[in-house]
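Walk me through this protein, starting from one residue and working outward to the whole chain.

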Amino acid sequence: KRILQAAAFAVAAAIITNPVQAQSTGGSVPKELRIGYQKYGTLVILKARGTLDKRLAEKGVNVKWTEFPFGPPLLEAINVGSLDVGTVGEAPPIFAQAAGADLVYVGNEPPAPTAEALVVPKDSQIKSVAELKGRKIAVAKGSNANYLLIKLIEKAGLKFSDVSVVYLAPADARAAFESGRVDAWSIWDPFLAAAEKQLGARVLADGRGAVANHQFYLAARSFAEKHPEIIHILLDEIAKVDQWGKQNPKEVAKFIAPLIGIELPIAELAAQRLTYGVKPVTDEVLAQQQKVADAFAELKLVPKPVRVADAAWKNSRK
């Protein structure tokens, strides 16, 4: 845990190079909107198309984009004040709230349960999740795949303590998986698609029947409350990209493959599992998130229970 926290702080600190203060000295328009994104999803397309940058430039707002390897360090960057908004999976906001981060949920994409899975090497003799008892499983701590692993282990009739969990960031987890140092890997797209296409990884189980796997957009509470118009513009531009992506999945793959440096077949497989249609975060979705929070608290993977409703955004357009 201390290693993860140290890494998160290191990533966050690395991007703080004379940062522009997010709030303007007068009025309700900030000088800059600082966005954290990951290697896949709608924000990658939005960044490349430049429509948000152009729209906000008309208001005198500069957009700064920073890529993160996974969710926890992205939210830590928001927590320490070096980002204003970003996108993560289900679990990172729980860990962030438990650590005292003052964040709000400003939007979410529809569930994408097939976009993450528990995989084993192609020559593995393991045929079911139950057979992983006593085995080593790699996963990024605090990630959506961490919650997936909890639910799949539970669904298989095992206790979380029945398996040996090895907490590793995606790149390190892939190396461990490929070398045989772990027996399975709980991971999300496009890393999942890459493991399937390049390594022949076999899916033991994906999120269907176990998790929703929402993609969330979160913001620093202070920024969202002071600049709700900017957040609504961001969500509006995400919605436009979502509409295009939903209608053109093959074009999405062609578009993002070179942007994030993956082969087209990998991008095509991952794009098939991506969902589109950003919405305000409803009470129902927050209730689903509460179940995620309760699961982590029960296993004592977070230092204290989390009340997800405390992170609801009051300016959301529902």
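Gln97 is buried, with a relative accessible area of 15%. Buried here means under 20% relative accessible area; exposed means over 50%, and partly exposed lies in between (1.4 Å probe, protein chains only). The model is predicted: local features need pLDDT of at least 70, side-chain atom pairs count only at pLDDT 80 or more, and totals for chains, interfaces and linings use all residues. Residues are numbered from 1 along each chain as its sequence is written, and side-chain values use heavy atoms, with hydrogens and water left out.

Gln97 sits in helix H5 (residues 92–98). Helices (H or I, at least four residues) and strands (E, at least two) are DSSP runs, numbered from the N terminus. What does Gln97 touch, leaving aside residues up to four places away in sequence? Its contacts are Tyr105, Lys304, Val306, Arg307, Val308, Asp310 and Ala311. Contact means heavy atoms within 4.5 Å. With Arg307 there is also a polar link: a polar atom of the Gln97 side chain lies 3.1 Å from the backbone oxygen of Arg307.

Now turn to the sheets. Strands of a sheet pair through backbone hydrogen bonds, either parallel or antiparallel. Two strands count as paired if DSSP finds at least two bridges between them.

One open sheet holds 5 strands in the order S2-S1-S3-S10-S4, with mixed pairing. Strand S2 (62–67) and strand S4 (103–108) stand at its edges. Each has a single partner strand, so one side of each is left without a neighbour in the sheet. The twist averages 25° from one strand to the next. Axes are lines fitted to C-alpha atoms, for helices over the stretch in contact, and angles run from 0 to 180 degrees between N-to-C directions. S4 pairs with strand S10 (residues 216–220) in the antiparallel sense, over 5 bridges. In that pairing, Gly107 stands opposite Tyr217 in S10. Helix H10 (residues 228–247) packs on this sheet. H10 touches strand S1 (32–37), strand S3 (85–88), S4 and S10, and its direction makes about 30° with that of S4.

A further open sheet of 5 strands has the order S7-S6-S8-S5-S9, again with mixed pairing. S7 and strand S9 (202–206) are the edge strands. Each has a single partner strand, so one side of each lacks a neighbour in the sheet. Neighbouring strands are turned by 30° against each other on average, direction ignored. Helix H7 (residues 170–179) packs on the sheet, touching strand S5 (116–120), S6 and S8. The direction of H7 makes about 150° with that of S8. Helix H8 (residues 191–199) packs there as well, touching S5, S8 and S9, at about 130° to S8.

Look next at strand S6 (residues 136–139). S6 runs parallel to strand S7 (residues 164–167), joined by 4 bridges. Lys136 stands opposite Ser164 in S7, and Ala138 has Val166 as its bridge partner there. S6 also runs parallel to strand S8 (residues 184–188), with 2 bridges. Here Ala138 stands opposite Trp185.

Finally, the whole chain. The secondary structure comes to 13 helices and 10 strands. The C-alpha trace spans about 65 × 45 × 35 Å along its principal axes. Buried residues make up 54% of the 318 residues. Among contacts between residues at least 6 apart in sequence, 79% join residues at least 24 apart.

Definitions and conventions. Polar contact = N/O pair within 3.5 Å; in protein donor to acceptor, adjacent residues only side chain to side chain.
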